[in-house]
Amino acid sequence: YGGQMGDAYDRKLLSYFLDMWIAPGINTKSMDMHNEYRLPAVMGQKDLKLADIMASLDALPTVESMEVHGINRNSEIGFRGRQNRYALRTLQEVYWPLEFSSPFLARRENIVEVVDDLLKLFNKWECNRDHVAERMHRKGLTPFNMFLLGEIETMRSLLALVRRACVGMRRFLLGLSGDCSPTMARTLECVHTARVPPEWCAHSCCVGSDEPGRHPPLTLQQWSSDLHQRNEQLNTWLAKDRPPVLWISGFFNPPGLLMAVKQEVARQHPSWALESLQINAEVTQRDKDHVREGPNEGIFVHGVYLEGASWDKVLARMGDGPSKHTHTVLPVVHIYATVAEGGGGGGGLG
């Protein structure tokens with residue numbers, strides 16, 4: 001590990017490990033690594049035998065708790081959940097018929113019903129391109145409006161992809177088309193098991209993978225609801241002024257929003273070079289429902305979460321996560337741009 005030290009924090013951590021574990025007290029009976037991990041009592045015997053040592057080691061817990069390694073117990077909840085989801089996903093893939101045989105045909109009507117519901121839902125969200133162009137012309141081509149236009153185009157592309165897939169699946173299931181590509185077969189499998197097809201996840205930038213080490217994936221119903229909320233935010237912004245608080249996790253390209261913040265600040269301060277600006281974030285004490293107006297500079301956002309920790313509004317600092325809760329939502333966050341230290345310009349935002 002010493003060869004991988006890159007800064008002072010790495011050296012500090014390594015020094016702590018050495019002081020803790022490479023010390024005379026490591027072999028004393030009072031040494032306590034954890035409540036269930038103490039030095040075996042047989043280690044103090046004069047006539048120590050190998051069998052006694054092995055028996056002491058066998059008495060240790062078979063499954064180690066996360067707390068033994070200094071990790072919050074909530075992490076174990078997420079880890080075990082990912083293991084279970086991966087096992088269930090594997091069973092679903094084994095159960096799914098490789099050929100479109102009688103078990104598949106028996107469920108065909110249910111899949112057609114789901115596809116029809118998706119088509120009805122997505123057809124309601126269609127946004128006329130001429131209407132978008134007319135509204136953008138009225139709003140003007142500011143950095144934030146250009147970002148909004150990119151989000152709307154991404155939404156249009158995603159909806160077109162989903163509609164093409166649904167129409168193709170419907171024609172195949174009703175016997176109007178005999179072609180079933182590998183992509184369609186995979187999409188049918190996902191729809192049948194209420195999962196989001198990988199192609200839809202890739203275009204919507206959402207959580208869809210259920211492999212170990214990933215966050216919980218969205219079901220097809222959750223994904224549709226999430227997409228509906230995204231579309232509502234874009235339509236509200238297009239029809240009116242920019243909302244006082246933006247749902248940052250509901251955008252396809254959140255880094256683009258941060259770039260728009262820098263570009264807007266650079267326009268407000270002509271003496272500040274865009275390359276010299278840096279993004280800053282300040283956690284406020286306000287909830288999104290209590291915000292009526294946006295900030296003078298920058299933006300208010302919500303939808304930011306802490307994993308494995310909590311946030312104290314009064315003390316304005318992080319703390320241990322609540323028991324059995326892996327994620328904690330932050331209050332409204334104020335995002336703004338200032339001139340980086342040594343970057344020149346006419347001062348900061350205060």
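Helices here are DSSP runs of H or I with at least four residues and strands are runs of E with at least two, both numbered from the N terminus. With that in hand, welcome to a few close-up views of a predicted model.

**Figure 1. The whole chain, with its 11 helices and 10 strands.** Before zooming in, here is the overall picture. The protein chain has 350 residues, and 33% of them count as buried. Take the contacts between residues at least 6 apart in sequence: 63% of these join residues at least 24 apart.

**Figure 2. Helix H5, seen from its buried face to its exposed side.** Helix H5 covers residues 108-124, and its end C-alpha atoms lie 25 Å apart. That agrees with expectation, because 17 residues at 1.5 Å a residue should span 24 Å, the rise being multiplied by one less than the number of residues. Buried along H5 are Ile111, Val112, Val115, Leu118, Leu119 and Phe122. Looking down the helix axis, these buried residues fall within an arc of 125°, so they line one face of H5. Turn to the other side of H5 and you meet Glu109, Glu113, Lys120 and Lys124, which are exposed.

**Figure 3. Phe147 meets Phe251 in an edge-to-face pair.** The structure holds five aromatic pairs, and this close-up shows one of them. The ring centres of Phe147 and Phe251 are 5.1 Å apart, with 75° between the planes; planes over 60 degrees apart count as edge-to-face, so this pair qualifies. Phe147 belongs to helix H7 (residues 143-173), while Phe251 sits in the loop between strand E3 (245-247) and helix H11 (254-268), so the pair ties together parts that are 104 residues apart in sequence. Phe147 counts as buried because its relative accessibility is 8%, and Phe251 is buried too, at 2%.

**Figure 4. An aromatic cluster of Phe122, Trp200 and Trp223.** Ring pairs link these residues to one another as a cluster. Phe122 will be familiar from the earlier view of H5, where it is among the buried residues.

**Figure 5. Arginines over the faces of phenylalanine rings.** Arg242 lies over the face of Phe144, at 4.2 Å from the ring centre. In a companion view, Arg230 lies over the face of Phe252, at 4.9 Å from the ring centre.

**Figure 6. Two alanines with positive phi.** Ala194 is not a glycine, yet its phi is positive, near 60°. This alanine is found in the loop between helix H8 (182-192) and helix H9 (198-204). Its relative accessibility is 40%, so Ala194 counts as partly exposed. Ala316 also has a positive phi without being a glycine, at about 55°. Ala316 lies in the loop between strand E7 (309-312) and strand E8 (317-320), and its 45% relative accessibility is why it counts as partly exposed.

**Figure 7. Buried cysteines in a structure with zero disulfides.** How many disulfides does a search of the whole structure find? The search finds zero. Cys166 is buried, with a relative accessible area of 0%. Cys201 is buried as well, at 9%, because buried means under 20%.

Notes:
Residues numbered from 1 in each chain as written. Predicted model: local features only at pLDDT ≥ 70, side-chain atom pairs only at ≥ 80, totals over all residues. Heavy atoms only, no water. Buried < 20%, exposed > 50% of the residue type's maximum accessible area, 1.4 Å probe, protein only. Phe/Tyr/Trp six-rings, centres within 6.5 Å; stacked < 30°, edge-to-face > 60°. Lys NZ or Arg CZ within 6 Å of the ring centre and 35° of its normal. Arc of directions from axis to C-beta. Disulfide = S-S within 2.5 Å. Contact = heavy atoms within 4.5 Å.
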